[in-house]
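These notes record what I looked up, entry by entry, for a reader new to this structure. I begin with charged pairs and go on to a backbone angle and aromatic rings.

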Amino acid sequence: MFPPLESDTWPQARPLVEWVARLLPAGGRGYETTGWDDEAQAAVTEAFFASVHGRALDDDDGRGLFESILWFGCDYGPRDPYHWSPASVGILLTDWIPRKIVAPVDSLRQAPGVLRAVILWAHEQRGIPGRWTREALAAVDEWEPEYQRLIRTPRPQGPLALLAAMGAMDADEVWDMPLGAVSEQDRLEAAVGGAEVLAGLSASPLPDEPFDWTGIPDDTKDTVSGLLALLDGYCDAELDVEYRTACRRLLARAAAGDPAVFRRSFRLGVTAAGIVWVIGKANDAFAAGRGWQVKDLAAAFGLPTSSALSSRGYVMMEAAGITLELSAELHTDLLLGTPELLVSGRRLALVQRRDRSAQAAQRLTGRD
């Protein structure tokens, strides 16, 4: 660890460690790490991009992100780029990449998708049982929202992060504004698209409206029709008219906003589930106690895991022209910047938070 981890209580563990060590059989040897020189890392890189998992990622961003992931795998933790645990995934996504890799957000946002491909490929090479692969992939899904928030949050990076960690620079010296300085009002405005929209926000239900085909090119209509059928079928069976309208609106915006996305080859089920994930996440539908979980959504679309839903959802958001914003404090909030994709229950909750925030501000300033 650097800086060194210091604690007044760590010696309490020493007797337990010594006891466990005495129980080990004689003649054993410690874990031996493999050295990964430039030639070895180049061989790993070429093998990955020649595989079915890496072939589609073989561009500048894909190679740059793979090299960063390989750097972590070779030089940190157990130093084994062929083995990925939930712990190593969490460290990589919530600390190492956001702190160490200096790159544009448009590039960094793709890292979870590349990491999923790396895990699948690497575990296949080692013959690691599927149980451990599924756990590692689930960890990517678990930590991706926090990762996407971090890479969009002002933070020390590269040498500046090291100086801040050493105490050689204060946070205010590294960045003009401290992290997490986002108010409740900021979050509410980001959710609906500004102060004026928030002030006039209504909690009336979304209407039952037909799909809007305006601006959608003819050569993508078969793909869009397939997605629409899946969305409508799921919403009719599991959700309600409001969610169906919201999903239709997001699909329409994405199909008209970036038709090129719909000319690519992709699995309809994953993309449809990704759209439902975005709408569900933005409406706080997966919160604890709601009874609807992401794994249930994946299962309904015949997907073995939920690992790809968020990444496909982010692609649809980007195609629709929605800037991804995750609350700096409540990182489970997915803020779409428009009330047109929010169901009445979510908008009612935002109205109530708006009114409580205004009342609190009045009390602080002493006004009636």
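**Charged pairs, a backbone angle and aromatic rings**

Entry 1. I note at the outset that the model is predicted. At what relative accessibility does Glu46 count as partly exposed? I find 45% for Glu46, which lies between the cut-offs of 20% and 50% and therefore makes this residue partly exposed.

Entry 2. I then looked up the partner of Glu46. Arg63 forms a salt bridge with Glu46, and their closest N and O atoms are 3.2 Å apart. I record that this pair links distant parts of the chain, since Arg63 belongs to helix H3 (residues 60-75) and Glu46 to helix H2 (residues 38-49), 17 residues apart. Arg63 is partly exposed as well, at 22% relative accessibility.

Entry 3. I counted the salt bridges of the structure and obtained 19. I also looked up a pair formed by Lys221 and Asp218, whose closest N and O atoms are 3.2 Å apart. Here I find Lys221 partly exposed at 29% relative accessibility, whereas Asp218 is exposed at 64%.

Entry 4. I turned to Asp232, which forms a salt bridge with Arg248, the closest N and O atoms being 2.9 Å apart. Asp232 lies in helix H12 (residues 221-238) and Arg248 in helix H13 (residues 241-257), so the pair ties together parts that are 16 residues apart in sequence. Is Asp232 buried or exposed? I find a relative accessibility of 14% for Asp232, which is under 20%, so this residue counts as buried. Arg248 is likewise buried, with a relative accessible area of 13%.

Entry 5. I checked which salt bridges share partners, and I find Glu46, Asp58 and Arg63 joined into one network.

Entry 6. I next looked up a backbone angle. Most residues other than glycine have a negative phi. What is the phi of Asp284 near? I record a value near 60 degrees for Asp284, which is positive although the residue is not glycine. Asp284 is placed in the loop between helix H14 (268-282) and helix H15 (294-300). With a relative accessible area of 23%, Asp284 is partly exposed.

Entry 7. I went on to the aromatic rings, of which the structure holds 15 pairs. The ring centres of Phe48 and Phe49 are 5.0 Å apart and the planes meet at 75 degrees; an angle over 60 degrees counts as edge-to-face, so I enter the pair under that term. Both residues are buried: Phe48 has 0% relative accessibility, and Phe49 has a relative accessible area of 5%.

Entry 8. I looked up the pair of Phe211 and Trp213 in turn. Their ring centres lie 4.8 Å apart with the planes at 75 degrees, so this pair is edge-to-face. Phe211 is buried, with a relative accessible area of 10%, while Trp213 is partly exposed at 31%.

Entry 9. Which residues do ring pairs link into a cluster? I list Phe48, Phe49, Phe66, Tyr82 and Trp121 as the residues so linked.

Entry 10. I returned finally to Arg63. Arg63 lies over the face of Phe49, at 4.3 Å from the ring centre. I thus enter Arg63 under two headings: the salt bridge with Glu46 and the position over the ring of Phe49. Phe49 is in turn linked by ring pairs into the cluster with Phe48, Phe66, Tyr82 and Trp121.

How values were computed
Residues numbered from 1 in each chain as written. Predicted model: local features only at pLDDT ≥ 70, side-chain atom pairs only at ≥ 80, totals over all residues. Heavy atoms only, no water. Salt bridge = Lys/Arg side-chain N within 4 Å of Asp/Glu carboxyl O. Helix = DSSP H or I, 4+ residues; strand = E, 2+ residues; numbered from the N terminus. Buried < 20%, exposed > 50% of the residue type's maximum accessible area, 1.4 Å probe, protein only. Phe/Tyr/Trp six-rings, centres within 6.5 Å; stacked < 30°, edge-to-face > 60°. Lys NZ or Arg CZ within 6 Å of the ring centre and 35° of its normal.
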